[in-house]
Each structure stands twice: as structure tokens, then as C-alpha cells.
Amino acid sequence: MEMRQLKYFIAIVEAKSYSRAAESLFVTQPTLTLSMQKLEKEFDIKLFNQSQNGLQLTDSGMFLYENGIEIVHNFDYLVNHMHSQKQHIKESIRIGLTVLSAMQFMKQISQFIANNQNVEVRLIQNGSHKLQKMLADGEIDFGILSFPLVEPSIELLPLKNTNVEGYNVSVVMPSANPLSDQDTVSFSDLKNETFISLSNDYMLGNLTEKESFKFGFNDQIVFIEDDWKVLLHSLENFNAVVLLPSEFKEYDDTPNLSWVPLEDRSNYYPIGIASRKDMIVTDTYHQFIKAIKEI
């Protein structure tokens, strides 16, 4: 039994609900369910019974709860005491951000840094696809990334009930392009276009490559670059199109460009806070999530 499992169990008991406990712990409900299943299997016991009144503790569950509270309290006291012995040493965290999430959440991140001066924060910028791998490999601690989830060892909690829950996709092109007059553009409309693109480190770079193979115009991708400003300034030179988050438009003043919404099932990408499934949830992590959700 791990201390994290015990804390999860106590949270479920006190919330009387897996879903409410997951929300308070900032983890997914399947994570809690799997953790409790492993705990029951380890001891060959049943911890809960489901009734019309909700979750009910078994005798074994009540024993674990009553004794577990004291164990967790003593453990937290020990950890906090040990940390207090080295207050001069800052905790260090590495946060992965995309360009867009850095723009949209920098105010909240700055406030988090100001409110946690005992924490040394390092911001690492890259595409969501690359950052998910960096997180899985332990190169960053958590991040604000976009779906879809591609690394099985991490979890991505959607940012719900905030002003920023995801981003839309636009096809950006020179205003002289005949497609610029359309309300939306599909990939089939783009079969004769020249493309420039983000790299595979980005979700939209992956989308561009995948769809170009599907529709047979992969040889029309003539320039790959991860600086979105460079891409926009290259459009007229190449007489090309590029897939970018629509939300970039408010940050850009490049003349003679049109932003046309992409008509496709992949025209919207939710974002979330990503962490490794085996991560030890700390107060710093909770403070970070709280700061981000105050957008």
C-alpha cells in the first residue's frame, strides 16, 4: 500500500463519492477507481459497498479509515517538519507550456510564482505532442497541454469551467487566395494548395501531416517551422496555407491574411493540466492548479 492510495481512500470516504473526491484531489475518477481496486486486491478485502445512500464502508474499510487518518497525519507532519529543516533550499518545478498557453495563462503563472517565492519555477515551451513525451520521460513535472492524450503514463485533466477550455483551428492564407471568401474550409478544399506547417512536436503539425497523406498532398508541404510568427510571415512568399490555432489571430497584425475556420472533426482541441500518473501530489501542485483556474 502506498501513502497516495491511503490518501485517496480517505478522500473518497470523506467525500462519500468518487467523483467529488477526484475533483478535490485534481485527479480523474478512473485513477481513483483503479487505485482502490489495486488496494482491495493487495489485501484481498472489500472496502466499500454501494447502497441507495451511496458508498458505505465495510468493517475492513472502517478499520483502514480510522487508523489511516492518524497514519496520514503523522506522515504529513514528518514531511512538513523535514521540509522546514531546509527552508533555504527552494523547491524546483518544471512547467511545460505551448506558445498559446503561455500567452493565455501567463498572468496566472506570474501570480503563482509571486505567491510561491519558495518555489523555483522553470517554464519549458514546446508543442503539446513533444511536451507529453517530455512529461512521460520525467523532463518536466506538469504542464498546460492540449488533447489528445498520446502518452499512457500521464493523465490530462480538462480545464473546465474557465474562460479558456481549448482552441479552435483556422486555415490561414493570403487574402488573395480564392478560398479566403469561404465561411469554412475542409481538407478536400485544400488538395491543390501549397502547405507550410508546424512540426510533429505540435498537435496541428501531426494533423497536417496525417491529413496530407490521407488526401494525397503530402508532397505539397514545403516548409516546416515551429515559430508561428515566421509561418505567418512566410505565407505570401510561398503562396501557401497553414493550420494554426484561431486564437493566435488576436495576437497577430500580419497584413493581407485571412483566417478561415477549418471544417473538420479535428477543428477543436481541448486543453488541460497534465501530470504523470505516478506523481506525488503536493501542495505546490494544488496551488498551481488553483492559480490556473482563476483565469
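Ala, Val, Leu, Ile, Met, Phe, Trp, Tyr, Cys and Pro count here as nonpolar, Asp, Glu, Lys and Arg as charged, and the others, Gly among them, as polar. With these classes in hand, the tour of this predicted model can turn to its cavities and, after them, to its aromatic pairs and backbone.

**The whole chain**

Begin with the whole protein in view: the C-alpha trace spans about 70 × 50 × 30 Å along its principal axes, and the secondary structure comes to nine helices and twelve strands. Of the 295 residues, 46% count as buried.

**Residues 1-58**

Select residues 1-58 next, the range that UniProt lists, in an unreviewed entry, for "domain: HTH lysR-type". Over this stretch the chain is 62% helix and 14% strand, and the C-alpha atoms at its two ends are 18 Å apart. Within the range, go to K16, which is found in the loop between α1 (3-15) and α2 (18-25). The phi of K16 is near 60°, a positive value in a residue other than glycine, and K16 is exposed, with a relative accessible area of 58%.

**The largest cavity**

A search of the whole structure finds three cavities of 30 Å³ or more, and about 140 Å³ of space lies in the largest of them. To centre the view on the largest cavity, select T98, L198, Y202, P245 and F248, which are the closest to its centre of the 14 residues that line it. The elements that give two or more residues to this lining are α5 (99-115) and α7 (203-215). By class, the lining has ten nonpolar, three polar and one charged residues.

Where does the largest cavity lie with respect to domain 2 and domain 3? Colouring domain 2 (91-164 + 270-294) and domain 3 (166-269) separately will help here, because both give residues to the lining, and the cavity therefore lies between them.

**Aromatic pairs**

The structure holds eleven aromatic pairs, and two of them are visited here. Show the rings of F142 and F288 first: their centres are 4.9 Å apart and their planes stand at 45°, so the pair is tilted. Because F142 lies in strand β5 (residues 142-146) and F288 in helix α9 (residues 283-292), the pair ties together parts that are 146 residues apart in sequence. Both F142 and F288 are buried. Adding F112 and Y285 to the selection completes one aromatic cluster, formed by F112, F142, Y285 and F288.

Move then to F223 and F238, whose ring centres are 5.4 Å apart and whose planes are at 20°, so that this pair is stacked. F223 is in strand β9 (residues 221-224) and F238 in helix α8 (residues 228-238), and the two residues are 15 apart along the chain. Are these two residues buried, exposed or partly exposed? F223 counts as partly exposed at 23% relative accessibility, and F238 is likewise partly exposed, with a relative accessible area of 35%.

**Backbone details**

Most residues other than glycine have a negative phi, and most peptide bonds are trans. Against that background, select N239, whose place is in the loop between α8 and β10 (240-245). The phi of N239 is near 50°, a positive value in a residue other than glycine, and at 52% relative accessibility N239 counts as exposed.

For the last stop, display the peptide bond from F147 to P148, which is cis, with omega near 5°; P148 lies in the loop between β5 and β6 (154-158).

Key
Residues are numbered from 1 along each chain as its sequence is written. This is a predicted model: local features need pLDDT of at least 70, side-chain atom pairs count only at pLDDT 80 or more; totals for chains, interfaces and linings use all residues. Side-chain values use heavy atoms; hydrogens and water are left out. On a 1 Å grid over the protein atoms alone, a cavity is a set of points where a 1.4 Å probe fits but cannot get out, and a pocket is an open set with protein on both sides within 12 Å along at least five of seven lines; lining residues have an atom within 4 Å of a point. Grid points are joined across faces, edges and corners, and a volume is the space filled by probe spheres set on the points. Helices (H or I, at least four residues) and strands (E, at least two) are DSSP runs, numbered from the N terminus. Domain bounds come from an automatic or database domain assignment. Rings of Phe, Tyr and Trp (its six-membered ring) pair if their centres lie within 6.5 Å; planes under 30 degrees apart count as stacked, over 60 as edge-to-face and the rest as tilted. Buried means under 20% relative accessible area, exposed over 50%, partly exposed in between (1.4 Å probe, protein chains only). UniProt positions are given in the numbering used here, feature names are shortened, and annotations may be inferred rather than shown by experiment.
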